Amino acid sequence: MKKKILCAIICCIFLSGCSWSKGEKNISLELDNTKESEEANLKAGDFVVFLGLDTKQEKIIVQRVAGGNKYSLSYSGTTNVKDRFGQIISMTQIQPGELVDIVYSAHSKVLLEVSVSEETWTNTGIIKYSIDKARKIIQIGSEKYKYTKDLVMISQGKVIEMIDLNSKDVLTMKGRGKTVNSIIVEKGHGYVRLENESAFIDGFVEVGQSVILPVTENMLITVGEGDYNLRITNHGIGGTKPVTVLRDEEVVVDVGDLYDGTEMTGDIAFTITPSNAKLYINGEEKNYGELINLSYGVHQILIEADGYETLSRYLNVGQPLASIEIMLEKKEDTAQSSSSSSSSTSSQKTSTSSSSSSSSSRGSSSSTQRRPIPMTSSIVRNSSTSSSKSSSSSSSSSSSSSSSSTSSSSTYENISSDVIQSSTMNKIFIDGPEGAEVYMDGNYKGIAPTNFKKEIGSHEIILRQEGYRTKSYTVEIENEEGDVTFSFSPLIRQEE
């Protein structure tokens, strides 16, 4: 009899009803008291995601991994709180998004133990990942993980949705086995607005090594939080300014004084294999047997040769001298191509070193339009062609700016996610919030409600309004007929 009573005390969970407000510091949850049989399934050592802590009421809020039910559970000074190594810690040391095991006493209605689960894994500093929402698969590098509809996403201690994640964010993912159970935004993003940029329209702006975009009127650029050098050029004229980007904040950069009329150029030495390949820069054939002088900024290069895959890239010229070595990939014969159509393309290796110059390039395709891909000192793989091997080097030591931008092979992952295809007559409608400025991929589109041409692919929608916090969303536009309509939540006032 005593054993049965003890079992009931440990295994049963008694839950009180509260109201729940998403995004508040002290989160409380509204529980469905009609699901007593399901709640009774919670037991000692149950696996949950830690959502929040209310120190005043001495309650924690958790979400059960199996089923997604949320619970508000009381704790006391006698509750044992441990890290994954069994060491005693305080409840405040457990962060939202952590995966924990709990032991709860239905008799005293207090948590007996909360411990960070030792059977889980944590992957931090994630910047290269892809999410297949249809198949519910997250790919981190070459590893694939599944997730469920109960995946928890946290930013600054608040529960968010997948649409709130931004490609500029740095993430931590936690899970068990091959399943991701929680995502925490380590570093978020802010926004850069250009001022007095009219002389640079149709040129290019770069922020650090990860963001490069054509300059358009009234553009708003999403950038990961941190310190950067912003460089803007048009026909070789321009300059650089330091910029600090804070999470969810907008910084204005006046670039008017950078247009002084002095054109800056760099010499590029190309070594191309095979030697009979033709090189085109901005559509014009060039003789790469000698140094090629190009203005600072971004140039489109295309290299082709009989029997080899065509290479189409963007080259970023930013210093006086650089050398680039490019090896085209041979075309596979028809039989090999058909038998290996499902296999991955061969990898591409790139290295760069420059004495007084840095060159960068990004993928392009003749059959699709691309968003400007963040450029490094490498030639990235084109998703529509076979990969090519490229390297850049020079005789002297590299400058700090060029060496810091050298990329590893991980740079080449998920390039296909940047492909955009235009839909003929259909449009994207943004119905709200009314009065907000609407930007897509940094380009100004109008004041909501507004509409603009539909483009297939992954896009970033930014909403901005004076006196309110700027907000961005990542949306997927499917390759389907018809218009697409979005109506987003009202923006939050800055003082709130």
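## Positive phi in two loops

Glu58 lies in the loop between strand E1 (46-54) and strand E2 (59-64). The model is a predicted one. Glu58 is not a glycine, yet its phi is positive, at about 50 degrees. Its relative accessible area is 37%, so Glu58 is partly exposed.

Lys136 is another residue other than glycine with a positive phi, here near 55 degrees. Lys136 sits in the loop between strand E8 (129-132) and strand E9 (137-140). With 33% relative accessibility, Lys136 counts as partly exposed. The cut-offs explain the label: partly exposed is the range between buried, under 20%, and exposed, over 50%.

## Two cis peptide bonds

Which residues does a cis peptide bond with omega of about 10 degrees join? They are Gly432 and Pro433. Pro433 belongs to the loop between E32 and strand E33 (437-440).

A cis peptide bond also runs from Ala448 to Pro449, with omega near 0 degrees. Pro449 is placed in the loop between strand E34 (443-447) and strand E35 (450-464).

## A three-stranded open sheet

Three strands make up an open sheet. Their order is E18-E15-E21, and the pairing is mixed. Strand E18 (220-224) and strand E21 (250-254) are the edge strands, each pairing on one side only. From one strand to the next, the twist averages 35 degrees.

In what sense do strand E15 and E21 pair? The sense is parallel, over five bridges, with E15 covering residues 189-195. Within this part of the sheet, Val192 stands opposite Val251 in E21.

## Thr470 and its contacts

Thr470 is found in the loop between E35 and E36. Is Thr470 buried or exposed? Thr470 counts as buried, because its relative accessibility is 10% and the cut-off for buried is under 20%.

Neighbours within four places in sequence are left aside here. Thr470 is then in contact with Tyr191, Leu220, Glu250, Ile462, Leu463 and Arg464. E15 spans residues 189-195, and Tyr191 is among the contacts of Thr470. The edge strands E18 (220-224) and E21 (250-254) hold two more of these contacts, Leu220 and Glu250.

## Aromatic pairs

The structure holds five aromatic pairs. One of them is Phe200 with Tyr259: the ring centres are 5.2 Å apart and the planes stand at 85 degrees, so this pair is edge-to-face. Phe200 lies in the loop between E15 and strand E16 (204-207), and Tyr259 in the loop between E21 and strand E22 (265-273). The pair therefore ties together parts that are 59 residues apart in sequence. Phe200 is buried, at 0% relative accessibility. Tyr259 is partly exposed, at a relative accessible area of 35%.

Tyr473 and Phe488 form a stacked pair, because their planes are at 15 degrees and their ring centres 4.5 Å apart. The cut-off for stacked is under 30 degrees. Tyr473 lies in strand E36 (residues 471-477), and Phe488 in the segment after strand E37 (484-487). Here the parts tied together are 15 residues apart in sequence. Tyr473 and Phe488 are both buried. Together with Phe486, they form one aromatic cluster.

## Charges over rings

Tyr473 also has a charged residue over its ring. Lys471 lies over the face of Tyr473, at 5.4 Å from the ring centre. Both residues fall in strand E36 (residues 471-477).

A second case involves arginine. Where does Arg176 lie? Arg176 lies over the face of Phe47, at 3.8 Å from the ring centre. Phe47 falls in strand E1 (46-54).

## Asn426, a buried polar residue

Asn426 belongs to strand E32 (residues 419-432). At 13% relative accessibility, Asn426 counts as buried. A polar atom of its side chain lies 3.2 Å from the backbone nitrogen of Gly482.

Which residues does Asn426 touch, not counting residues up to four places away in sequence? They are Lys453, Lys454, Glu481, Gly482 and Asp483. Gly482 thus appears both in this list and in the polar approach to the Asn426 side chain. Lys453 and Lys454 fall in strand E35 (450-464).

Technical notes: Residues numbered from 1 in each chain as written. Predicted model: local features only at pLDDT ≥ 70, side-chain atom pairs only at ≥ 80, totals over all residues. Heavy atoms only, no water. Pairing = 2+ DSSP bridges. Helix = DSSP H or I, 4+ residues; strand = E, 2+ residues; numbered from the N terminus. Axes fitted to C-alpha atoms, helices over the stretch in contact; angles between N-to-C directions. Phe/Tyr/Trp six-rings, centres within 6.5 Å; stacked < 30°, edge-to-face > 60°. Buried < 20%, exposed > 50% of the residue type's maximum accessible area, 1.4 Å probe, protein only. Lys NZ or Arg CZ within 6 Å of the ring centre and 35° of its normal. Polar contact = N/O pair within 3.5 Å; in protein donor to acceptor, adjacent residues only side chain to side chain. Contact = heavy atoms within 4.5 Å.
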